[in-house]
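This report walks through one protein chain step by step, from its overall layout to single residues. Please keep the sequence and the 3D view at hand while reading.

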Amino acid sequence: LQCVHFPSTATLNYVEKVKRRYGMDISKFCVGHNDGSFIPLVFWYGRTHLARTSYYTNIILSQCPNLQVSDHLEEIFGTVQLNELNKIK
């Protein structure tokens, strides 16, 4: 794992929300672990999360090369991420 986002109101019933909004079934990618589960996000939210520094430098920043000081990283990368997933659904 490179990045783990903590649950929030935006991710309540997330598997169902994603299926309804984007027509994607992410349930097959969910992994249970120690009375909890990991659910892949189709949009990167600006919520509390833990991530490796290499995840930012190698993944996030490489996909957002025109990032400016005042830009909202989560919005920009979230859109990139959703567009990529829509190509393969």
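## Exposure and a nonpolar patch

A residue is called buried when its relative accessible area is under 20%, exposed when that value is over 50%, and partly exposed in between. V31 has a relative accessibility of 47%, and because this value falls between the two cut-offs, V31 counts as partly exposed. The model examined here is a predicted one, and the values below should be read with that in mind.

V31 belongs to strand β2, which covers residues 31-33. On the surface, V31 joins L1 and F38 in a nonpolar patch, and together these residues have about 300 Å² of accessible area.

## Overall layout

The chain contains three helices and four strands, and, when followed from the N terminus, these elements come in the order β-α-β-β-β-α-α. The C-alpha trace spans about 40 × 30 × 25 Å along its principal axes. The chain has 89 residues, and 29% of them count as buried.

## The largest pocket

Which residues lie nearest the centre of the largest pocket? They are C3, H5, I39, P40 and L41, which are part of a lining of 25 residues. The elements that contribute two or more residues to this lining are β1 (3-5), β3 (36-38), α2 (53-63) and α3. The volume of the largest pocket is about 770 Å³. Sorted by class, its lining consists of 18 nonpolar residues and seven polar ones, with no charged residues.

One of the residues nearest the pocket centre, I39, sits in the loop between β3 and β4, the latter covering residues 49-51. With a relative accessibility of 36%, I39 counts as partly exposed. I39 and P7 are separated by 32 residues in the sequence, while their C-alpha atoms are 9.8 Å apart in space.

## The salt bridge in helix α3

How many salt bridges does a search of the whole structure find? The search finds one, and the partners are E84 and K87, whose closest N and O atoms are 3.1 Å apart. This pair meets the distance criterion because a salt bridge calls for a side-chain nitrogen of Lys or Arg within 4 Å of a carboxyl oxygen of Asp or Glu.

Both partners belong to helix α3, which covers residues 73-88, and because they are three residues apart there, about one helical turn separates E84 from K87. The two residues fall into separate accessibility classes: E84 is partly exposed at 41% relative accessibility, whereas K87 is exposed, with a relative accessible area of 62%.

## Buried residues in the helices

Is F77, a residue of helix α3, buried or exposed? F77 counts as buried, because its relative accessibility is 4% and the limit for buried residues is under 20%. The C-alpha atom of F77 is separated by 6.7 Å from that of W44, although the two residues are 33 positions apart along the chain.

E74 also lies in helix α3, and with 18% relative accessibility E74 counts as buried. In the sequence, E74 and R47 are 27 residues apart, and the distance between their C-alpha atoms is 9.0 Å.

Helix α2 offers another example, I60, which is buried with a relative accessible area of 0%. I60 and G78 are 18 residues apart along the chain, and their C-alpha atoms are separated by 9.7 Å.

## A backbone angle to look at

Most residues other than glycine have a negative phi. In N13, by contrast, phi is near 50°, which is a positive value in a residue other than glycine. N13 is located in the loop between β1 and α1, a helix that covers residues 14-22. At 57% relative accessibility, N13 counts as exposed, because the class of exposed residues begins over 50%.

Conventions: Residues numbered from 1 in each chain as written. Predicted model: local features only at pLDDT ≥ 70, side-chain atom pairs only at ≥ 80, totals over all residues. Heavy atoms only, no water. Buried < 20%, exposed > 50% of the residue type's maximum accessible area, 1.4 Å probe, protein only. 1 Å grid on protein atoms, 1.4 Å probe; cavity = no way out; pocket = protein on both sides within 12 Å on 5 of 7 lines; lining within 4 Å. Points joined across faces, edges and corners; volume = space filled by probe spheres on them. Nonpolar A, V, L, I, M, F, W, Y, C, P; charged D, E, K, R; others polar. Patch = residues over 30% accessible without salt bridge, like charges linked within 9 Å, V, L, I, M, F, W, Y side chains within 5 Å. Areas by Shrake-Rupley, 256 points an atom, 1.4 Å probe, with all protein chains shown as cover.
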